[in-house]
Amino acid sequence: MNHFEYRNGVLHAEDVPLTRIAEEVGTPAYVYSRATLTRHYTVFADAFAKAGLDATICYAVKANSNLAVIALLGRLGAGADVVSEGELRRALAAGIPPERIVFSGVGKTESELRFALETGIHEINVESESELHLLSKVASGLGQVAEIAIRINPDVDAKTHEKISTGKKENKFGIDIDKADAIYALAASLPGIKPVSVAVHIGSQLTDLEPYRQAFRRVADLVDRLRAAGHGIVRVDLGGGLGIPYDTEEPPLPDAYAAMAASEIARLNCPVMLEPGRMIVGNAGILLSRALVVKPGETKHFLVLDAAMNDLIRPALYNGHHGIRPVAEAAADAALQPVDVVGPICESGDTFAKGRMLPPIAEGDLVAFGSAGAYGAVMASTYNSRLLVPEVMVDGDRFDVVRARQTYDALIGMDSIPDWLHTDGSGETREPRRIGATG
Ligand code: LLP
């Protein structure tokens with residue numbers, strides 16, 4: 001359920017008409033709904049409480065790392081799952097207490113590990129033997145003992161898009177479950193390391209509980225073995241959240257997920273951590289855009305928007321489906337026609353949807369992409385020197401810009417031209433070198 005609905009013929013975010021945001025903030029713009037974020041977090045957290053698990057919900061910051069989003073979830077009790085020093089800094093800046101932060105990621109640098117230890121975060125999820133040795137060195141150097149989980153790769157097919165599957169042997173993530181016993185023995189023997197947990201994450205946008213069940217069962221069996229071998233495993237990290245309905249998907253409900261997790265894990269009698277991202281923020285955000293050009297073709301009808309693949313890359317990268325709705329509600333009997341919805345970037349991959357059945361949309365009209373709260377703004381780039389778009393959070397009948405639109409000065413000002421390109425010492429501007437010039 002979300003709070004983007006038509007009222008009096010105009011699409012609203014909660015009580016705010018999207019036309020108002022477009023007027024005041026401009027387009028394209030991401031718009032998030034506080035009530036929806038709150039609801040999604042609460043439903044997820046409550047499901048685990050109802051299932052009798054002592055669960056910490058570590059919001060996966062990668063899905064949407066806007067400080068306002070993290071701060072809102074933090075105030076509801078969420079921790080954070082971070083995968084880089086940048087995300088860790090964001091989580092801290094948004095007020096998430098270090099003891100609720102877990103650091104995942106397949107390639108952490110020495111300085112990232114040092115920063116994490118100095119900050120005193122809850123847990124580091126180690127993903128390789130090399131990382132284990134590096135962490136041991138860094139922690140010992142700081143005179144600390146790092147509480148860790150080993151992220152195991154359970155070799156389970158998550159049955160999701162190949163680019164977002166993480167728990168198969170052929171994926172780069174985690175340590176092969178067959179090697180887990182040996183790795184825990186190694187971890188326990190290293191200075192500055194205390195293995196206290198087992199972590200798993202098999203993929204994103206899962207719409208079936210069965211792969212999770214298999215993974216959790218393997219985790220529980222591993223914990224049994226590790227405890228029997230004398231390791232003090234006091235918690236487990238079960239990984240990401242559920243898939244969301246982008247189109248016709250019907251992902252399982254949080255209650256069913258939590259009940260299944262409890263049936264596999266409760267016997268371990270320990271706290272659990274979860275790292276949902278998409279299911280909390282995905283349908284709590286839209287991307288608001290304006291139609292620039294309507295281009296009727298002989299074979300194709302194109303709608304060129306002011307948003308492009310650099311703003312929302314999921315369709316280009318994963319063939320991701322995002323619902324597209326006109327902000328002005330179409331008449332109930334409006335004829336639908338197939339439209340290719342595209343952005344203005346100079347490549348054909350800049351296509352949001354092909355042959356999408358849409359009511360008439362004219363130049364200047366506003367449209368909203370649904371399910372854009374997760375992996376939308378965070379994956380944006382400035383390709384074609386387009387500005388990063390603003391993010392807005394709505395709360396009832398008020399809204400605030402929670403990230404300003406980038407400025408051209410900020411964008412271009414990051415570059416610099418070396419002195420030796422300005423002059424050749426004589427004060428004259430030097431000609432740029434012509435590669436391949438002959439004379
Ligand atoms: N924890 C770990 C270790 C992860 O790798 C991920 C996602 C999550 C948690 C959060 O999973 P979620 O609850 O959001 O499913 N850019 C892609 C998604 C990549 C997800 C990668 N890992 C997309 O737009 O579909």
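Me: How many nonpolar, polar and charged residues does the shell around the ligand have?

Reply: Ala, Val, Leu, Ile, Met, Phe, Trp, Tyr, Cys and Pro count as nonpolar, Asp, Glu, Lys and Arg as charged, and the others, Gly among them, as polar. Here the shell has six of each class: nonpolar, polar and charged. This is a predicted model: local features need pLDDT of at least 70, side-chain atom pairs count only at pLDDT 80 or more, and totals for chains, interfaces and linings use all residues. Residues are numbered from 1 along each chain as its sequence is written, and side-chain values use heavy atoms, without hydrogens and water.

Me: Which residues are closest to the ligand?

Reply: A residue is near if one of its heavy atoms lies within 4 Å. The ligand has 18 such residues around it, and the closest are Ser-204, Glu-275, Arg-314, Tyr-318 and Tyr-375.

Me: What lies 2.4 Å from an oxygen atom of the ligand?

Reply: Look for polar contacts (N or O atoms within 3.5 Å). Ser-204 places a polar side-chain atom there. For nitrogen atoms of the ligand, Glu-275 has a polar side-chain atom at 2.6 Å, and Tyr-318 has a side-chain N or O atom at 2.7 Å. The protein buries 93% of the 590 Å² that the ligand exposes alone (Shrake-Rupley method, 1.4 Å probe).

Me: Why does the ligand lie between the domains?

Reply: Domain bounds come from an automatic or database assignment. Domain 1 (4-30 + 282-411) and domain 2 (34-279) both give residues to the shell, so the ligand lies between them. Their C-alpha centres are 32 Å apart. Each domain gives 22 residues to the contact (heavy atoms within 4.5 Å).

Methods: Polar contact = N/O pair within 3.5 Å; in protein donor to acceptor, adjacent residues only side chain to side chain.
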